[in-house]
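Trainee: Could you take me through one spot in this model in some detail, and then show me what else is worth a look? I'd like one connected story rather than a list.

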Amino acid sequence: MSAERLSVVVTRRLPEVVETRMMELFDVELRDDDRPMSQAELADAMKRCDVLVPTINDRIDANMLAGAGERLRLIANYGAGVDHIDVGSARQRGILVSNTPGVSADDTADMAIALILAVTRRFPEGIRTMASGEWQGWSPTALLGHRIQGRRVGILGMGRIGQAVAARARAFGMQVHYHNRRRLHPQIEEQYEATFWESLDQMVARMDVISINCPHTPSTFHLMNARRLKLMKPEAVIVNTSRGEVIDENALTRMLRAGEISGAGLDVYEHGNEINPRLRDLPNVVALPHMGSATFEGRIEMGEKVLINIKTFADGHRPPDQVVPGML
């Protein structure tokens with residue numbers, strides 16, 4: 001790359017310290033508000049910059065990339081997931097894609113455990129009772145939940161986040177089971193006292209808690225479909241801090257309403273922020289607004305990774321967090 005400062009467009013507001021450092025290093029166009037760009041605004045931005053810094057809200061498909069023109073050379077995604085970007089089409093057009101892996105593993109794992117506790121101990125129902133003024137004092141039989149100690153958690157996807165969930169589950173005395181594309185090294189299994197299941201169906205049928213921690217890919221879309229959800233024990237709960245598309249949300253809603261699954265803790269949804277109201281209003285559902293990685297520390301670290309990827313690219317080298325189709 002030349003010594004001329006790169007032109008960078010950022011599609012959402014980022015932590016102030018990250019935006020300030022970007023201004024120092026590059027020719028940056030920042031957002032005045034945190035409103036997501038429309039597809040038309042995004043298409044226009046892609047035509048006038050060397051580097052685009054999008055987020056999960058920005059859908060960048062083959063058609064968008066075809067209209068980007070010749071200037072765009074790097075999509076430095078702010079976030080680990082890149083299922084909103086057609087990485088294959090970008091590569092064909094000579095546009096590199098980078099992400100921010102590993103930053104939010106601990107934060108997301110904390111949220112997964114929080115959701116497991118919230119669902120099994122019925123936190124939302126307790127909060128509603130207090131907020132409504134209906135609480136009449138302690139009762140031996142009121143709002144009874146379950147201990148998580150000794151219960152089996154089945155982790156679907158044993159990458160960085162899945163392993164972080166396993167570590168926390170062990171600390172709470174849970175028995176760790178997992179299903180993964182590839183079995184982990186025996187030393188890692190020993191570290192978490194984890195039991196591997198090659199058959200997802202067999203694991204799902206035996207668990208007290210299912211934790212979804214796999215990415216959204218064509219092979220994981222509706223991995224927890226109606227048939228597989230019906231394998232769960234009626235007293236089991238399911239928690240998703242990964243991607244909403246992994247679960248058939250309509251099937252999940254029907255089964256929760258019918259009492260065929262005890263409860264769900266959800267931080268992500270199949271159709272983004274368009275949440276099925278029948279699901280959101282259920283008393284046995286804890287619904288959060290995609291807060292899994294929402295810590296000051298994590299979001300700043302994500303920004304630092306974006307900065308390193310862009311600066312490395314500007315210096316004529318391969319971004320350290322480059323994403324290629326074979327990784328997906």
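Mentor: L30 sits in the loop that runs between strand β2 (27-29) and helix α2 (39-47); helices here are DSSP runs of H or I with at least four residues, strands are E runs of at least two, and both are numbered from the N terminus. Bear in mind that this is a predicted model, where local features need pLDDT of at least 70, side-chain atom pairs count only at pLDDT 80 or more, and totals for chains, interfaces and linings use all residues. Residues are numbered from 1 along each chain as its sequence is written, and side-chain values use heavy atoms, with hydrogens and water left out.

Is L30 buried or exposed? Neither quite: L30 has a relative accessible area of 27%, so L30 is partly exposed (buried is under 20%, exposed over 50%, partly exposed in between, with a 1.4 Å probe and protein chains only). Setting aside neighbours within four places in sequence, L30 touches V10, E19 and M23, where contact means heavy atoms within 4.5 Å. R12 is 18 residues away from L30 in sequence, yet their C-alpha atoms are 7.6 Å apart.

Now on to helix α1 (residues 16-25), whose axis comes within 9 Å of the axis of helix α13 (residues 296-314), crossing at roughly 15 degrees; axes are lines fitted to C-alpha atoms, for helices over the stretch in contact, and angles run from 0 to 180 degrees between N-to-C directions. That makes α1 and α13 roughly parallel (under 35 degrees; over 145 is roughly antiparallel, 65 to 115 roughly perpendicular, the rest oblique). The crossing is right-handed, that is, the near helix is turned clockwise from the far one by less than a right angle, with anticlockwise being left-handed. From α1, residues V17, V18, R21, M22 and L25 meet I300, G303, V306, L307, I310 and K311 of α13. By class, this contact has eight nonpolar, one polar and two charged residues (nonpolar: Ala, Val, Leu, Ile, Met, Phe, Trp, Tyr, Cys, Pro; charged: Asp, Glu, Lys, Arg; polar: the others, Gly among them).

For another helix pair, try α5 (residues 105-120) and α7 (residues 160-171), which pack at about 50 degrees with axes 8 Å apart. These two are therefore oblique to each other, and their crossing is right-handed. A105, D106, T108, A109, D110, A112 and I113 in α5 meet R160, I161, A164, V165, R168 and A169 in α7. That contact has eight nonpolar, one polar and four charged residues.

Next, the cores: buried Ala, Val, Leu, Ile, Met, Phe, Trp, Tyr and Cys residues joined through side-chain atoms within 4.5 Å. The largest has 28 residues, and I212, M224, L229, M232, I238, L252 and L256 have the most contacts inside it. Elements giving two or more residues to this core are α9 (200-206), β9 (209-212), α11 (249-257) and β11 (263-266), with α11 giving the most, four residues. Another core, of 27 residues, lies apart from it and includes A109, A112, Y178 and V239. Back in the largest core, L252 contacts L229, I238, I247, I261, A264 and L266, again leaving aside neighbours within four places in sequence.

Last, two backbone oddities. E193, in the loop between α8 (186-192) and β8 (195-196), has a phi near 50 degrees, positive although it is not glycine. H222, in the loop between β9 and α10 (226-229), also isn't a glycine and has a positive phi of about 50 degrees. E193 counts as exposed at 54% relative accessibility, whereas H222 counts as buried at 19%.
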